Each structure stands twice: as structure tokens, then as C-alpha cells.
Amino acid sequence: LPEYAFIGRSNVGKSSLINMLTNRRNLAKTSGKPGKTQLINHFIINKNWYLVDLPGYGYAKVSKSAKKTFQKFITAYFSERKQLVSAFVLVDIRHEPQNIDLEFMQWLGENMIPFSIIFTKADKLKPKAIESHIIAYKNVLLETWEELPNYFITSSSKGVGKDDLLRFIDETNKNLTT
Ligand code: GDP
């Protein structure tokens, strides 16, 4: 089955998003504490595709060797997964573009791994601010990318963005088989 990998900085709202997409509460454990998702979790959706929950990156308090281990782990995952169709890089809509995320997107690009961006926690900003933050992000991306990746705006606490994301994945899956 096709796989879609979800990844982002710790505390970006990945577990909450996964719970929203899978309709289950507390399936992926949410908490304010960074570092909860330690291993890869797979969720099968509609008997049709796998949602792959990758560990969060960018904890402030993690040692250099732990960072290396994480990098190796992620590199191994991305190089071995034949079924991987696309990655989703989660970014907190409230933050300015962060190097760690931009570098990760760069790395995906260099390794020819398609990705979309998911802006999370949209309920925390007013529509005007959302718009300006996205413009800022686009401007930074356009410094290195010719084309902008797809992006989605979500709020797990308000149920925003779920249908768009699921539709996008369904459409992508359809195109794989035709
Ligand atoms: P993870 O570490 O990336 O898995 O992040 P979590 O899903 O555990 O979320 C981290 C924190 O952000 C928790 O306190 C969540 O309740 C909160 N959070 C996650 N998604 C949203 C959202 O869409 N809106 C708001 N307001 N808070 C959120």
C-alpha cells in the first residue's frame, strides 16, 4: 500500500493531526512534552494507505549523538521505503520560517522525495496573520525552490483541513494506479 510520512519538530501538533485524520482520540499520544513519539508508528487508513508517524526532530535539549542517531534513522527510513509516495512536513503556523524545517525540506528535495507542507494550529492566529505568515514562508522557500510545494492549513482542535488532506491523498493514490 502507498505510504505517506508525517514529520515535523516536536510539539508541532503531529499527534493531534494524526488523531484528527484517523478519527481516534489519543491514538497517537499527545502531550506537551517533547519526545513522545520515539518510534515509527503506522496507521492504516480506509484499508487504502498507510499513514507513517515519524519521530519529531529539533528538541532543544537533545545531545549531539542523539541528533545523529535520529538523522541516521530518518535517512534509513526514507531510503528504504519503496512504498513512500510523499512526505508531509508539519510547521507551526505561528512561527517564522525555521532553519531546521527549511534544511529538512532541502534534504527531501535533494533526495527526490516529494513533500507537502502542513501548517498546524491555525486556530491560534487570525486569518490576516495566517495569510501574512504564509506569504513570509513562500518568500523564504522561493529563495531556494523554483516551485512552491503544496501546502495545507490545519487546526486539529477545530477540525480544520482534514477533508482537504484526505482528498489530496485519495487523489494522489488514484493517480498512482492509473
Ligand atoms: P507533537 O509533539 O507534534 O505530536 O504535538 P502534539 O499533537 O502532542 O501537540 C503539542 C501541543 O500542541 C499539545 O498541547 C496540543 O494540545 C497542542 N495542539 C496540537 N494541535 C493543535 C491545534 O490545532 N490547535 C491548538 N490550539 N493546539 C494544538
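The chain has a mean pLDDT of 89, with 90% of its residues at 70 or more; pLDDT here is the predictor's own confidence in each residue, on a scale from 0 to 100. One stretch falls well short of that: over residues 31-37 the pLDDT is below 50. Even so, this stretch has 14 contacts in the model beyond near neighbours in sequence, a contact being heavy atoms within 4.5 Å. Where pLDDT is low, the predicted coordinates are not to be read in detail. This is a predicted model, so local features were taken at pLDDT of at least 70 and side-chain atom pairs only at 80 or more, while totals for chains, interfaces and linings use all residues. Residues are numbered from 1 along each chain as its sequence is written, and side-chain values use heavy atoms, with hydrogens and water left out.

Next, the strands. Helices (H or I, at least four residues) and strands (E, at least two) are DSSP runs numbered from the N terminus, and two strands count as paired if DSSP finds at least two bridges between them. Strand β3 (residues 49-53) has two partners to look at here. With β1 (residues 3-8), β3 pairs in the parallel sense over 4 bridges, and Phe6 has Asp53 as its bridge partner in β3. With β2 (residues 41-45), the pairing is antiparallel and runs over 5 bridges. Along that pairing, His42 stands opposite Val52 and Ile45 stands opposite Trp49. The hairpin of β2 and β3 has 3 residues between the strands, and Asn46 takes a positive phi near 50° there. β3 itself is mostly covered, with 4 of its 5 residues buried; buried means under 20% relative accessible area, exposed over 50%, and partly exposed in between (1.4 Å probe, protein chains only).

Asn46 has company in its backbone geometry. Most residues other than glycine have a negative phi. Met112, not a glycine, nonetheless has a positive phi of about 55°. Met112 sits in the loop between α3 (99-110) and β5, and counts as exposed because its relative accessible area is 73%. Lys121 also has a positive phi, near 60°, and is found in the loop between β5 and α4.

As for empty space inside, the structure holds 1 cavity of 30 Å³ or more. A cavity is a set of points on a 1 Å grid over the protein atoms alone where a 1.4 Å probe fits but cannot get out, and lining residues have an atom within 4 Å of a point. Grid points are joined across faces, edges and corners, and the volume is the space filled by probe spheres set on the points. By that reckoning the largest cavity contains about 50 Å³. Its lining is made up of Ile117, Phe119, Ile134, Tyr137, Lys138, Leu141, Leu148, Pro149 and Tyr151. The elements giving two or more residues to this lining are β5 (115-120) and α4 (127-144), with α4 giving the most, at 4 residues.

In character, the lining divides into 8 nonpolar residues, no polar ones and 1 charged (nonpolar: Ala, Val, Leu, Ile, Met, Phe, Trp, Tyr, Cys and Pro; charged: Asp, Glu, Lys and Arg; polar: the others, Gly among them). Lys138 belongs to helix α4 and counts as partly exposed because its relative accessibility is 28%. Leaving aside residues up to four places away in sequence, Lys138 touches Leu148 and Tyr151. The C-alpha atoms of Lys138 and Tyr57, 81 residues apart along the chain, are separated by 22 Å.

Methods. On a 1 Å grid over the protein atoms alone, a cavity is a set of points where a 1.4 Å probe fits but cannot get out, and a pocket is an open set with protein on both sides within 12 Å along at least five of seven lines; lining residues have an atom within 4 Å of a point.
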